[in-house]
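Ready for a walk through a protein fold? Have the sequence and the 3D view open, and let's take it one piece at a time.

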Amino acid sequence: MAQIVLLDGGMGQELIHRFDGPTPPMWSSGVMAEQPELVEAVHRDYIAAGARVIVVNSYSATRPRLDRHGLIDRFEPLQKAALDIAQRAAKGHSGVHIAGGLSPLTGSYQPELTQPFEDCLAQYREIVALQKDCVSLFRVETMSTTSEAVAAARAVAEVGMDAWIAFTVSDDDGTKLRSGESLRAAAEAVVTEGAAAVLVNCSFPEAIDASLPTIANLPVPIGAYANGFTSVAALKNDNTVDVLQAREDITPGRYAEFALGWIACGATIIGGCCEVGPKHIGTVATAIGAAGHSIVSPILSPERLSA
């Protein structure tokens, strides 16, 4: 039976569902600025559901995204707020770890917007420097290109911490990134940079089903956390995520079935992404136990997670 590290689920969509008002332009960061108690409540709900790793709510707080909205002066305050809120939520919960958050710098699902490697590296180094003293590891999420993922992996490796690199794949072909690049080649590239785990995230669950055999025999643990969108095409042109539609068929029970399938493919890190909420994570936790697996906290450097 497997030992599974259970992650949290999506933050941004969960905040939108709970926020009483129009979605702020900066999405999850905007909600955090207006109602920080909502972010803490979501973190707490994931912990109560069984998550052993929560990620700081800094996904949209990158310099390029903030600059587009004239909010570049909010970069460090938002990064600090995300860290403070996560620390408050995790306080007193033994075995729960906080992961730093490294996201696509310019926008999700849009590989054509990826900045030159050295620019990405410089910005990831800045975020890592701000977060590293408050987190146990880094989750690098929703990477659409090899170049940006390698830059993030390198920035984390330089400070001697673990980076879990999560790629978003084509919903039509789980063996390819949204850039069209090979998932396998991208995974091998970040492992060469020192990545401690490789995951697939923010893609259709069915695409993740197809992706995991591609990375199943890597020398590091693998994992998965899908989204529950019908499509991400509407997010182009800097729209906010409230324009996206949720799939009605991705119930907590159905999501748990997908998760058990990923475990059968060798995944030892399981969680949820957009439209996968605390009820989904709680149902996954129950299903993991019922299947005879156990939920554990991550083993961090100098050790590595054991598959």
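In what order do the strands of the open sheet come? The order is β2-β3-β4-β5-β6-β7-β8-β1-β9, so to speak a row of 9 strands, and the pairing is parallel. Here two strands pair if DSSP finds at least two bridges between them. Helices (H or I, at least four residues) and strands (E, at least two) are DSSP runs, numbered from the N terminus. The row ends with β2 (53–55) and β9 (294–295), the edge strands, each of which pairs on one side only. As background, strands of a sheet pair through backbone hydrogen bonds, either parallel or antiparallel.

A quick word on ground rules. This is a predicted model, in which local features need pLDDT of at least 70 and side-chain atom pairs count only at pLDDT 80 or more, while totals for chains, interfaces and linings use all residues. Residues are numbered from 1 along each chain as its sequence is written, and side-chain values use heavy atoms, with hydrogens and water left out.

Now find strand β6, residues 197–201. Is β6 enclosed or open to the outside? Since 5 of its 5 residues are buried, β6 is largely enclosed by the rest of the structure. Buried means under 20% relative accessible area, with exposed over 50% and partly exposed in between (1.4 Å probe, protein chains only). Look at how the side chains of β6 are arranged: Ala 197, Leu 199 and Asn 201 point one way, Val 198 and Val 200 point the other way, and all are buried.

What does β6 pair with? One partner is strand β5 (residues 163–167), which runs parallel to β6 and is joined to it by 4 bridges. You can pick out one match yourself: Trp 164 has Ala 197 in β6 as its bridge partner. To get from β5 to β6, the chain passes through helix α8 (residues 183–192), and this β-α-β crossover is right-handed. Right-handed means that, with the strands pointing away from the viewer, the path from the first strand over the helix to the second runs clockwise.

Another partner of β6 is strand β7 (residues 222–225), again parallel and again over 4 bridges. In this pairing Leu 199 stands opposite Gly 223, and Val 200 stands opposite Ala 224. A right-handed β-α-β unit turns up here too, made of β6, helix α9 (residues 205–215) and β7.

Stay with β7 for a moment. Ile 222 and Ala 224 point one way from β7, Gly 223 and Tyr 225 point the other way, and all are buried. β7 also pairs with strand β8 (residues 267–270), in the parallel sense over 3 bridges, and there Ile 222 has Ala 267 as its bridge partner. Back at β5, strand β4 (residues 137–143) pairs with β5 in the parallel sense over 4 bridges; Phe 138 is matched there with Ala 163 of β5.

Next, a few single residues. Ser 28 sits in helix α2 (residues 27–34) and counts as buried because its relative accessibility is 1%. The side chain of Ser 28 makes a polar contact with the side chain of Ser 60, at 3.3 Å. (A polar contact is a pair of N or O atoms within 3.5 Å; within protein, one must be able to donate a hydrogen and the other to accept it, and residues adjacent in sequence count only if both atoms are side-chain atoms.) Ala 51, in the loop between α3 (36–49) and β2, also counts as buried at 1% relative accessibility. The C-alpha atoms of Ala 51 and Leu 7 are separated by 5.0 Å, although these residues are 44 apart along the chain.

Two loop residues have a positive phi without being glycine: Tyr 109, near 65°, and Glu 275, near 70°. Tyr 109 is in the loop between β3 (97–102) and α6 (117–131), and at 8% relative accessibility Tyr 109 is buried. Glu 275 lies in the loop between β8 and α11 (278–290) and is buried as well, with a relative accessible area of 17%.
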